[in-house]
Amino acid sequence: MSATAPQTGSTVTTAIPARLDRLPWSRWHWMVVIGLGTVWILDGLEVTVVGNIAGRLSEEGSGLPISSAQVTGIAAALYVAGACLGALFFGRLTDLFGRKKLFMVTLAVYLGATALTSVSFHSWWFFAFRFLTGFGIGGEYAAINSAIDELIPSQFRGRVDLIINGSFWLGAIGGSLLSIVALNTDLFAINVGWRLTFALGVVLGLVILLVRRNVPESPRWLLIHGREEEAERLVSSVEEQVAEEHTGRELPRPAGEITIRRRESIGFLTIARTVFSQYRRRAVLGFSLFIGQAFLYNAITFGFGAILTTFFDVSTSDTGYYFAVIAAGNFLGPLLLGKLFDTVGRRVMISSTYLLSGILLFGTAWLFDRGSLSATTLTACWCAVLFFASAGASSAYLTVSEVFPMETRAMAIAFFYAIGTAAGGISGPLLFAKLTESGVVADTVLAFQIGAALMCAAGLVAAALAIRAERRSLEDIARPLTATTAMAQGTAVRYGS
C-alpha cells in the first residue's frame, strides 16, 4: 500500500477491499457472523414474545392495565417508530464514528430498555420502553448490516446477509416456545411469566455483548477516515489467521487497487444528493422493497396471535406453538434460498421471492374469506407465504447495504429502513390490530390483500430495477465518493445504476 501524507484531503492507494473479498471462508468470518448476526435472534425473540403475550397482558391480574389491541397496535407501532428513529440517529453516527463503536452502543441501549420493559408497572411505562427497545434495534440494523457487508467476502455476501437477517426467526421460534412456558400459570404467576421472557432476552444479549467485543472495526471505514495503517495491520492479521487455517493453500492475488481521498466526514446534503440524484433508480428500488416487506411482516408478526384467538378460539397459552411453526418456515427460506442469490443472481431471486409470496398471500386471503381454513391450515398457508417472503425481506437489507457508496452505507440502510418501515411498519400494526379486533372476516381479508398487493408491486419493481450485485465487490457496485481513480489491475469501477 502506498500513501501520501496522512492529512485529510490526501490520497491513499490500497488493495485492502480486494484483499478482503478474495479470502476463503474461515473461523474469523464465523466470529464476525456470531458476534454481529446473533442480535437478530434477540430481535425475533422480542417481537414474537410481545405478539404471543398480548392476550395474557390484557387479562386481569397481569400487572398492567392494558388491552390486547394496545399491545399489538400502539405498543407495536411505538416499537417500530423507535426503530425508525434509532436507525436514523445511529446510522449517521455509524458513518461518522465507525461501525464498532456504534454496534456496541446500540446493543447496550437495546439491553437496558428490554430490562426496564420487564419491570413495567403501568401501560405508559411499557409503551415508553418498547419505544426505546426499538430505538436500539434500529441502530443495530444500520451499524451491523454495514459492518457485515464490509467484512464478508463478495462471493459469500448475499447468502450470509440473508441467513443473518433470517436468523430473526430462530429468535421467533425461541420466543414462541418460551411464551408457552412463561404463560403457563401452573409454573408462573400471571404477573410474573411475561416479565421473565424479557429478562431472558437481557441475559442472552449480555452473552452476545461478550462475543461482539472481539469483532474489529471495518477496514473499509478506517481507510476513508485516514487510518490506513490501522486497516493494513487488521487485514494483515486476518490474512495470517486465514492462511494458518488453510495450510498449504496460497491466497489468490487481490483483484485490484483503488485510490481514495481521505475525508473525516461527508455532509448530509452530499449523502442525500448521492442517493437521490446519482442513484435515483436504486432509491426507488430500496423504498419499494422496504415498504412491501415492512407492512407484511410488522402486521403479521404482531397480529398472528390475535387472529388465532379471535377467529379460531385458540387459547393464548397455545398460540406459541403455531407461531413456532411459521417461524421455522421463515428461517428455512433464507437458509435454503440464500445461495441462489449469489449464483442465480439478485434480480431474479429478489423479484421472484416477492412475487411468489404476494401471490400465495392472495390465495390465503381467498381461502380465509371462504371459511376454508382452520388454525392449522392457516398456519400451513402462512408457512408457504413466509418461506419466500422471508428471503425477499432479508434481501431488502442486503440491497440497500451494497448498492450505495461506502461513505453513505450506514445512513442509506437507516434511511430506507426508517422511511419504508414507517410507511408499512407503523401503519401496518395499527391497521391490522383494528381490523382483526373487529372480528369481521372481511376486514382481516382486506389486511391480507393489502400486504399481498404491496409485495407483488415490490417484486415488479425489483424485476425492472434490481442490481446484478452477485459476487461483485462493494466498490465495483457503487464507486466510493472518495475514490479518485478507477480500480486498477482488475475489475473496473462502474458508475450509476
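## Burial and the salt-bridge network

A residue is called buried here when its relative accessible area is under 20%, exposed when that value is over 50%, and partly exposed in between. Because its relative accessible area is 0%, Asp 342 falls in the buried group, and this residue is a useful place to begin reading the structure, which is a predicted model.

Asp 342 forms a salt bridge with Arg 159, with the closest N and O atoms 3.0 Å apart. Since Asp 342 belongs to helix 14 (residues 319-343) and Arg 159 to helix 7, this pair ties together parts of the chain that are 183 residues apart in sequence. The two partners are placed in separate classes of accessibility: Asp 342 is buried at 0%, whereas Arg 159, at 21% relative accessibility, counts as partly exposed.

Glu 402 takes part in a salt bridge with Arg 157, in which the closest N and O atoms are 2.8 Å apart. This pair links distant parts of the chain, with Glu 402 in helix 16 (residues 375-402) and Arg 157 in helix 7 (residues 157-166), 245 residues apart. Both Glu 402 and Arg 157 are buried. The side chain of Glu 402 also meets that of Arg 346 in a salt bridge, at 2.8 Å from N to O; because Glu 402 lies in helix 16 and Arg 346 in helix 15 (residues 346-370), this pair ties together parts that are 56 residues apart in sequence. Arg 346, like Glu 402, is buried.

Taken together, Arg 157, Arg 159, Asp 342, Arg 346 and Glu 402 are linked in a network of salt bridges. The whole structure contains 15 salt bridges by this search.

## Aromatic pairs and a cluster

The count of aromatic pairs comes to 30. One of them is formed by Phe 404 and Phe 416, which are stacked, with 5.4 Å from centre to centre and 15° between the planes. Phe 404 lies in the loop between helix 16 and helix 17 (409-437), while Phe 416 lies in helix 17, so the pair ties together parts that are 12 residues apart in sequence.

Both rings belong to buried residues: Phe 404 has a relative accessible area of 1%, and Phe 416 counts as buried at 0%. Phe 404 and Phe 416 are also members of one aromatic cluster, together with Phe 276, Tyr 279, Phe 287 and Phe 415.

## Surroundings of His 246 and Ser 123

His 246 is located in the loop between helix 11 (228-245) and strand 3 (257-261), and at 18% relative accessibility this histidine counts as buried. A polar atom of the His 246 side chain lies 2.9 Å from the backbone oxygen of Trp 25. When residues up to four places away in sequence are not counted, His 246 touches Pro 24, Trp 25 and Ser 26.

Ser 123 is found in helix 6 (residues 123-151) and is buried, with a relative accessible area of 12%. Leaving aside neighbours within four places in sequence, Ser 123 is in contact with Leu 64, Pro 65 and Ile 66.

## A nonpolar patch on the surface

Leu 200, Val 203 and Leu 204 form a nonpolar patch on the surface, and together these residues have about 220 Å² of accessible area. Within this patch, Val 203 lies in helix 9 (residues 193-212) and is partly exposed, with a relative accessible area of 46%.

How values were computed. Residues are numbered from 1 along each chain as its sequence is written. This is a predicted model: local features need pLDDT of at least 70, side-chain atom pairs count only at pLDDT 80 or more; totals for chains, interfaces and linings use all residues. Side-chain values use heavy atoms; hydrogens and water are left out. Patches are made of residues with over 30% relative accessible area and no salt bridge: like charges are joined within 9 Å, nonpolar side chains (Val, Leu, Ile, Met, Phe, Trp, Tyr) within 5 Å. Accessible areas come from the Shrake-Rupley method with a 1.4 Å probe; for residues, only the protein chains shown count as cover. A salt bridge is a side-chain nitrogen of Lys or Arg within 4 Å of a carboxyl oxygen of Asp or Glu. Helices (H or I, at least four residues) and strands (E, at least two) are DSSP runs, numbered from the N terminus. Buried means under 20% relative accessible area, exposed over 50%, partly exposed in between (1.4 Å probe, protein chains only). A polar contact is a pair of N or O atoms within 3.5 Å; within protein, one must be able to donate a hydrogen and the other to accept it, and residues adjacent in sequence count only if both atoms are side-chain atoms. Contact means heavy atoms within 4.5 Å. Rings of Phe, Tyr and Trp (its six-membered ring) pair if their centres lie within 6.5 Å; planes under 30 degrees apart count as stacked, over 60 as edge-to-face and the rest as tilted.
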